[in-house]
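Reader: I'd like to learn how to read an interface, a helix and some charged pairs in a model. Could you walk me through them?

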Amino acid sequence: MPVVELRDVSKRFAAAPAVDGVSLAIDDGEFFSLLGPSGCGKTTTLRLIAGFESPDRGEVLIDGRRVNEQRPYDRGVGMVFQNYALFPHLDVGRNVAFGLERRRVPEVERATRVAKALEIVRLDPATFLRRMPGQLSGGQRQRVALARALVLEPKILLLDEPLGALDLKLRKEMQLELKALNRSLGITFVYVTHDQEEALTMSDRIAVMDHARIAQLGTPAAIYEDPRTAFVASFIGESNLFEGPVTEAGADLVSVGGPTPFRVPPRSDLLPGRTVMVAVRPEWMDLFPPGRVPAGENAASGTVDEVIYLGETLHVLVRLEHGQRVKVALRNEGQIANPIRWNRGDQVAVAWRPEDAQVLE
Amino acid sequence: MTRRFSRWLVASAALVYLFLHAPVLALMVFSFNDSKFSASWMGFTLEWYRRLVERDDILLGLGRSLAIGLGATVVATGLGTLLALAFHRHRFPGKRAAESLLYLAIVTPEIIMGISLLAAFVAVGFSLGTLTVAIAHVTFSISFVAVVVGARLRGMDRNLEEAAMMLGADEWEAFWKVTVPSLMPGIVAGALLAFTMSFDDYVITSFVAGPGSSTLPLVVYGMVRRNIEPSINAISTLIVVITSLLIYLADRSMRRSAR
């Protein structure tokens, strides 16, 4: 049975729908991310689970029970807020103990649980217990906010872009730590982020949201390697999109026309006349001198616009004959020892194998 | 910036401070001068302070100022804080205009405020006295409290109450255990400002005070009109010291809240 379930949930604010017919089921212990650009409805979805908003339509279930009318606190859910929301007038110890005090936990037990929670988030109680939030760094505040939620041993932890305010290095560290906490504590994490790399790094599954709806839900690999829509293909990682009408549906390959003709593997619904759009990841493309493309690969000729050095990879931007710009990622095998032979202005052919393109809906 | 120019800036700043504070400083020095008439230094004395204690009108005025100040401060702080919270939490048509009116109350010339309050009291048939003075002081203090508390609210994390509720607090607990304590530096600063404004006010009070409700500034003005004596210097020194202290405390409270 899923721990959290949304059944066809909708929520409108004033004019626009914030969440529109969203259904999802989150498993026990899962690290589940809601990913999307700002205003896509991911935070509202999280707040519907938390109980800060109630749905106009549909059902929110926790542990199989309908909680639409239940107050946040009664849902057994913990939350880490975007800017930590630490109580500025209370020291670290009192911040973490706040929930225990509300539950009338005896003082002795309170102290041990607070100390334990601080240790879980790797803050030394002896050093930090009496510090005020104003005296902490961003990363330390983040840890206190985590401890404050974890001390109540929630079944589900909701996190609303918790790492947004941290610098890149600290953010990467915290990503791994959160993932480790999710594993070791067995708590279900529901994580809101607009950072696709962050979602790919940490999640068991990701729901990509766009315009108040779920655009695609699946494992990081499924979402990256088999995007279903043009939005998902370009929001998660980068994609080159090609479009055209099916000209011939053969048994081995389907041919597609348009400004850049290409072929895709056959599928029963790809009938002549239907318009097809495919996404090709830059790293699944290759460059060849004109006329030297291996047999069986799709090819489009153009001119090299720019070569960008990124360390691990090189991006070559190619302008195709009809004007479309394509990005090809090449593995860097050492530009000093083994430089690539492409320069600005070179005539090239961009090539990819038919099976390396994803047909979009 | 050239060194010469910077020296010139320091000199002009020093001049400004001299111009601002020399008169008050002179008044404070002469409150300890052992001479009733002389404008030159005749030796140190506390005589004029001792005489203050003997003057019933001053003591009564002081008592009234403190009582009115405290009462007006409590009411204005409460109302001003609620006003700031209402502005912070709710959106409604005309909100910006309503907020601008708050500033209008601050920049309205005191004499106009005094005349309009007097007219209002006469219109509703209030007889002028301590109560009308207190009401007037509440009126002009509310805006200051609302502005100061509003500034604190804007700097506060907007999820604080939600965080408290997530941890098991109800609305009431979230408000009293989280919102009010985190607002406290702003509330204290607002209250100190309100008290200072009330304690210092002459113009508005002079319109709405009735017989037997003269506050300290009114008493002092009355003394000056009759005859100048060094006790005036002494009471003025006390007023300056007290208000400076309050302003210092209000400023410190706001600084702490900014951290």
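Author: We will take the interface, then one helix, then the salt bridges, keeping in mind that this is a predicted model.

Reader: Happy to start there. How many residues does each chain bring to the contact?

Author: Chain A gives 23 residues and chain B gives 20 residues. Area is the next thing to read: the two chains bury about 1900 Å² between them, with 65% of it on carbon and sulfur atoms. On the chain A side, A:His89, A:Phe98 and A:Arg102 lose the most area to chain B, together 27% of what that side buries.

Reader: And how many salt bridges are there between chain A and chain B?

Author: Here is the general idea: side chains of opposite charge can pair when their charged atoms come close. Between chain A and chain B the count is three salt bridges. A:Arg47 and B:Glu162 meet in a salt bridge, at 2.6 Å from N to O. The interface also has four residue pairs in polar contact. As for elements, α1 (42–50), β6 (77–80) and α2 (92–102) of chain A each give two or more residues to the side that touches chain B. That side of chain A divides into 14 nonpolar, five polar and four charged residues.

Reader: Now the helix. What does α6 of chain A reach from its first C-alpha to its last?

Author: Compare the span with the expected one. Helix α6 of chain A (residues 168–185) has 18 residues and reaches 25 Å, close to the 26 Å expected at 1.5 Å a residue. Its buried residues include A:Met174, A:Leu178 and A:Leu181. The buried residues of α6(A) pack against several elements of chain A, among them β3 (31–35), α3 (107–120) and α5 (138–150). Just after the helix, A:Gly186 takes a positive phi of about 70 degrees.

Reader: Which parts of the chain does the pair A:Glu161 and A:Lys42 link?

Author: These two form a salt bridge, their closest N and O atoms being 3.7 Å apart. The pair links distant parts of the chain: A:Glu161 sits in the loop between β7 and α6 of chain A, and A:Lys42 in helix α1, 119 residues apart. Both A:Glu161 and A:Lys42 are buried.

Reader: Why does A:Arg228 count as buried?

Author: Read its relative accessibility against the cut-off, under 20% for buried. A:Arg228 counts as buried because its value is 19%. Its salt-bridge partner is A:Glu361, with the closest N and O atoms 3.4 Å apart. At 71%, A:Glu361 counts as exposed.

Methods: Residues are numbered from 1 along each chain as its sequence is written. Chains are lettered from A and ligands numbered from 1 in the order in which they are written. This is a predicted model: local features need pLDDT of at least 70, side-chain atom pairs count only at pLDDT 80 or more; totals for chains, interfaces and linings use all residues. Side-chain values use heavy atoms; hydrogens and water are left out. Contact means heavy atoms within 4.5 Å. Buried area is the accessible area (1.4 Å probe) that two parts lose on being put together, summed over both. A salt bridge is a side-chain nitrogen of Lys or Arg within 4 Å of a carboxyl oxygen of Asp or Glu. A polar contact is a pair of N or O atoms within 3.5 Å; within protein, one must be able to donate a hydrogen and the other to accept it, and residues adjacent in sequence count only if both atoms are side-chain atoms. Helices (H or I, at least four residues) and strands (E, at least two) are DSSP runs, numbered from the N terminus. Ala, Val, Leu, Ile, Met, Phe, Trp, Tyr, Cys and Pro count as nonpolar, Asp, Glu, Lys and Arg as charged, and the others, Gly among them, as polar. The expected span of a helix is 1.5 Å times one less than its number of residues. Buried means under 20% relative accessible area, exposed over 50%, partly exposed in between (1.4 Å probe, protein chains only).
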